[in-house]
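Visitor: Please show me the model, and I will ask how each label is justified.

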Amino acid sequence: MSFHDPTSYVDLSQGRINHIDFHILVDFESSTLDVEATYQLQEPISGSLYLDSFKIEMNQADVNGRKLEWEFDVSDDVIGKRLHLKGFENDSSFTLTFKTSPEARALQWMNASQTLGGAHPFLFSQCQASNARSVFPCQDTPSVRFTYSAEVEVPAELTAVMAAEQARGPEGSGMFIFNMPQPIPSYLFAIAAAHLEFRELGPRTGIYAEPEIIEAAAWEFAETEKTIIEAEKLLGPYLWGRYDMLVLPPSFPFGGMENPRLTFLTPTAIIGTRGQANLVTHELAHAWTGNLVTNATWQDFWLNEGWTTYAETRITEILEGREVTDLHAVYDEKRTFEIMQRVGMDAPVTCLKIPSGDKDSDSMTSQLAYTKGCFFLKECEYAVGRERFDAFIQKYMKTFQFKSLTTEEFLDFLKAELPEVFEKVDVQTWVYKPGMPEAWHKPTSRLFDEVENVLSDYAEGKLPQKEQVKERVKDWHRYQILTFLQGLPKAVPVEDCKYIEDVLELAKRNDDYFYTYFFVICIGSGYREVMPRIEAFVERIGRMLYIIPIMRALIETDWARDRARPLLERVREKHHPVTVNAMEVLLKKAGL
Ligand code: BES
Ligand code: ZN
């Protein structure tokens, strides 16, 4: 493969890492990992090797009993420092000893008071997209895959987990041993250490969480085994052995992260209704689309997320029915246009294949890759019919398993397997042009029609009887509430804010995402009394999907703009570096 990944310093002509053996000491005192790592190369190399790194404190580099010369010879705020290892002489392995920085971008170090139990600290990583380099020097591009093994030492009362096969060291020793026999890209490296309890859910599924929520978590995600069975029918055998989940503190920046064998999950998905099961369906689907068949660069991110959203929809259709997936599709369509309007209908990020070679991978991992990618794949399915498309999916997974591929390689494969797609679907426009094509199968939904009726009654001022309205919405599906909130004007009379919260019975529903929409409307409407609740919300939750829209609304609203910077400062120490960075970027863009 001869492409350049602008988010990384690596030069693949120098050689490729294919295995790493880690010895990791987790030091909560200094908020650092103390690491010795031995790297195996695919083939012996001579001369230089460039690795990506971010705030790594290097100690020593050894190769075959000799010292290896090294220097950080290029430095950049976004992509970090290039670690230049010099003087290889037909060597196929080397050892680095180093420490991570307390400011490692992938790691959140939480003290005991920030956890549910309050008695033990909590560490977790989030490496996607380009943060693995802050944990260990590596070829931090999704086009390089390696296996790894690890010995991790944590304080004796804590449990260490990794996205890998696990074997316990001697009881009470604080030593944990891991092995990842399938080759993974660096962004799927994951580690956590905390006071955790484990519950078995099924023959190959289980869940880790702090003892205080293990019960609720086990109940919420009890149906995961069923989901795997459906996923296998669509995508082929599950090749990763176990599928466990880890519930993180609320500061986890995402809903979920598809770390192989061990999905990381936000606790905001534990709502007591199993209403966010699609989050697990999504992360599980990544075990194929993403983890098995991986985007070669972040410009091809839609190959990961578009495919996963498509697979999520297909599996959810079996588990929850077509009505639900149609409703979700309407929500996604509206969201797609909302985002495109915000960023500009012809912005590069609205293309499936992101055209420019930006060095900042965060600028390429847009929600549009999910929704537009999924809509495109549905068009392909319509073009050839479900049966042929399903056979194609299976063949795609088999052909590219444990490989990384570009959009172009995908399109070549699609053309070879399903040439009619190219006759019926304007593939070039979908993939390489910004915005949405004119003609496509726009989703419709009966459940959304009900929502629209209430929305238009509201617009016409016909909703005076609270109790009647409550009756109309009380059994609504989660996505009916979401499409309703999505369909409301961004500014309403202040009294209506109270009215909306009340008739939707938001307080009872225990779903923080509703509050994201609600608070954005409150800000737009000038409902100032709600500000302390908004600040508490942004302080409690680090899931970016939930709090970034609120930050954006603050910044865009005259009366609220001054509140944005102090709010960031208030949460800086509480949230993951990834979240703090995203907030910082927003504020800086607005000159705040
Ligand atoms: N892989 C993503 C999370 C991610 C994306 C991390 C880009 C870093 C950079 C994960 O699979 C994801 O998409 N999570 C969603 C789930 C939702 C679509 C069901 C989330 O976190 O909200
Ligand atoms: Zn995803």
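Guide: An oxygen atom of ligand 1 is 3.3 Å from a polar backbone atom of Gly-256. This is a predicted model, in which local features need pLDDT of at least 70, side-chain atom pairs count only at pLDDT 80 or more, and totals for chains, interfaces and linings use all residues. Residues are numbered from 1 along each chain as its sequence is written, ligands are numbered from 1 in the order in which they are written, and side-chain values use heavy atoms, without hydrogens and water.

Visitor: What makes the 3.3 Å pair of Gly-256 and ligand 1 a polar contact?

Guide: A polar contact is a pair of N or O atoms within 3.5 Å, and the Gly-256 pair is at 3.3 Å. Tyr-370 also qualifies, with a side-chain N or O atom 2.6 Å from a ligand 1 oxygen. In Gln-128, a polar side-chain atom lies 2.7 Å from a nitrogen atom of ligand 1.

Visitor: How much of ligand 1 does the protein cover?

Guide: The protein covers 89% of the 520 Å² that is accessible on ligand 1 alone (Shrake-Rupley method, 1.4 Å probe).

Visitor: Why is there no disulfide between Cys-127 and Cys-138?

Guide: A disulfide needs two cysteine sulfur atoms within 2.5 Å. The closest cysteine sulfur to that of Cys-127 is in Cys-138, 8.0 Å away, so they are too far apart for a bond. The structure holds 0 disulfides.

Visitor: Why is Cys-138 called buried?

Guide: Buried means under 20% relative accessible area (1.4 Å probe, protein chains only), exposed over 50%, and partly exposed in between. Cys-138 has 1% relative accessibility, so Cys-138 counts as buried. Cys-127 is also buried, at 1%.

Note on methods: Polar contact = N/O pair within 3.5 Å; in protein donor to acceptor, adjacent residues only side chain to side chain.
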